Amino acid sequence: MSLKTYFLQVKEVTNETSDSVTIYFWHPLSEQIKYKAGQFITVIVPAGEGGKKIRRSYSMSTSPHSDTSIGITIKRVSGGLVSNYLNDNVKVGDFLEVLEPMGNFHVEPDADKSRHAVLFAAGSGVTPMMSIAKSILKMEANSRVTLIYGNRSEDSIIFKQKIEELEAQYGKRFTIHHLLSRPSDLWVGHKGRISQGIAIRLMKEADTDFANDEFYLCGPIGMMEDVIAGLGIYNVSKDRIHKENFHTAIAATEEDSVDEEDSLKTQTIKVKYEGSEYEFEVKPHQTILEAALDLDIDLPYSCQAGMCTACMGKCIEGKVKMDEEDGLTEKEIKQGFILTCVAHPLTKDVVIEID
Ligand SMILES: Cc1cc2nc3c(=O)[nH]c(=O)nc-3n(C[C@H](O)[C@H](O)[C@H](O)COP(=O)(O)OP(=O)(O)OC[C@H]3O[C@@H](n4cnc5c(N)ncnc54)[C@H](O)[C@@H]3O)c2cc1C
Ligand code: FES
């Protein structure tokens, strides 16, 4: 899958909190970049050792329906290469290399629709929610949005002021519930994390219709699992629950590495791509994509989280295990398609073909 690359010029840089920044880009002169509310772009920056280029995905926090420029908001991750690079180095006028917008976590507003979208976000997970909320509120006069947003403390709330502006602009059509896990003594709002119980209570307060409303989740995996468990009690069908996982394959692999190493072994595999055949080892803690990139084998990829399908290949021999299957349809999985960014070889004879 070949992805379009852009070199976007930075129009504005705004500090949102002490550890997060929004970077706004000009559209290229030749083209208005199209994206859907909730989608992400992947930036490629020389943030690695010796200036090695590294890719990371960031959801647009702007709306394609109400903002003229494209904006991404990046929260620092402790010790993180790209999030700190972007927070520390990017200034107005710079050009950043980015891959085209992608992702299945999105809404397409429809002026004839009348819906209630319930958005759950924690920390930087609010970025796609801002895009989704602004888009629905602007384009669908009969729809309403409830945002349930968890943070640590008052000063870690990204978009605090922009959220207040949405409340002022849209009145009853937009409701915000902030939850803080470590608020100051002056905080009079909800306290604690977004748990199953709190999620249910706030959804009921928001007059949620569990049989028809739509639910969007982005935050730590535990929070999303809790909310999904809560929705399960009300038999909310899976097709109305949409979730975005910011945790990259790298993070997931590190967390799971103890269990993984029990079942996975170092395997030598073959990958056929663009007329070449590469044979290389994949260690238990690596995904197939990571092993290839470590050897400077230039395979296609973007999000590294099993969501965009840029790294899709077909396993034509042997067996592969995927950490995350949500990015592929059941049919694709049955046909042998895999995502190399979340895949590990299970047998020694694995051969993968990438178009
Ligand atoms: C589809 C998608 C959309 C995303 N959108 C956004 C966004 O809008 N805003 C945003 O700030 N981030 C977003 N992310 C996360 C982002 O891509 C990076 O993973 C994040 O900035 C960390 O990258 P890094 O290079 O700084 O850290 P790395 O150098 O990759 O990691 C450093 C350490 O932090 C851990 N780590 C990695 N990612 C996270 C994380 N998200 N939270 C906590 N610990 C982590 C790693 O396990 C590692 O130990 C998104 C991710 C995906 C997959
Ligand atoms: S790189 Fe996006 S799914 Fe693998």
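Which of the 23 residues around ligand 1 come nearest? In this predicted model, select R56, S57, Y58, S83 and T127, for these residues come nearest to the ligand.

**The polar contacts.** Keep ligand 1 displayed and add the backbone of S57: one of its N or O atoms lies 2.7 Å from an oxygen atom of the ligand. Proceed next to S59, where a backbone N or O atom is placed 3.1 Å from a nitrogen atom of ligand 1. Then show the side chain of T127, which sets a polar atom 2.8 Å from an oxygen atom of ligand 1. With the ligand still selected, consider its surface: taken alone, ligand 1 exposes 900 Å², and the protein buries 84% of that area.

**The surrounding elements.** Colour strand 4 (54–59), strand 5 (70–75), helix 1 (81–89) and helix 6 (249–263); these are the elements that give two or more residues to the shell around ligand 1. Strand 4 gives the most, with 4 residues. Recolouring the shell by residue class shows 10 nonpolar, 9 polar and 4 charged residues.

**Confidence.** Switch to colouring by pLDDT. The chain averages 94, and 95% of the residues score at least 70. Residues 249–258 should be selected separately, since over this stretch the pLDDT is below 50. Beyond near neighbours in sequence, residues 249–258 have 14 contacts in the model.

**The whole chain.** Finally, zoom out and display the chain as a cartoon, in which 8 helices and 19 strands can be traced. Along the principal axes, the C-alpha atoms fill a box of roughly 60 × 50 × 45 Å. Because a compact globule of 355 residues would have a radius of gyration near 20 Å, the 21 Å of this chain agrees with that expectation.

Terms used: Residues are numbered from 1 along each chain as its sequence is written. Chains are lettered from A and ligands numbered from 1 in the order in which they are written. This is a predicted model: local features need pLDDT of at least 70, side-chain atom pairs count only at pLDDT 80 or more; totals for chains, interfaces and linings use all residues. Side-chain values use heavy atoms; hydrogens and water are left out. A residue is near a molecule or strand if one of its heavy atoms lies within 4 Å of it. A polar contact is a pair of N or O atoms within 3.5 Å; within protein, one must be able to donate a hydrogen and the other to accept it, and residues adjacent in sequence count only if both atoms are side-chain atoms. Accessible areas come from the Shrake-Rupley method with a 1.4 Å probe; for residues, only the protein chains shown count as cover. Ala, Val, Leu, Ile, Met, Phe, Trp, Tyr, Cys and Pro count as nonpolar, Asp, Glu, Lys and Arg as charged, and the others, Gly among them, as polar. pLDDT is the predictor's confidence in each residue, from 0 to 100. Contact means heavy atoms within 4.5 Å. The radius of gyration is taken over C-alpha atoms; the globule rule is 2.2 Å times the number of residues to the power 0.38.
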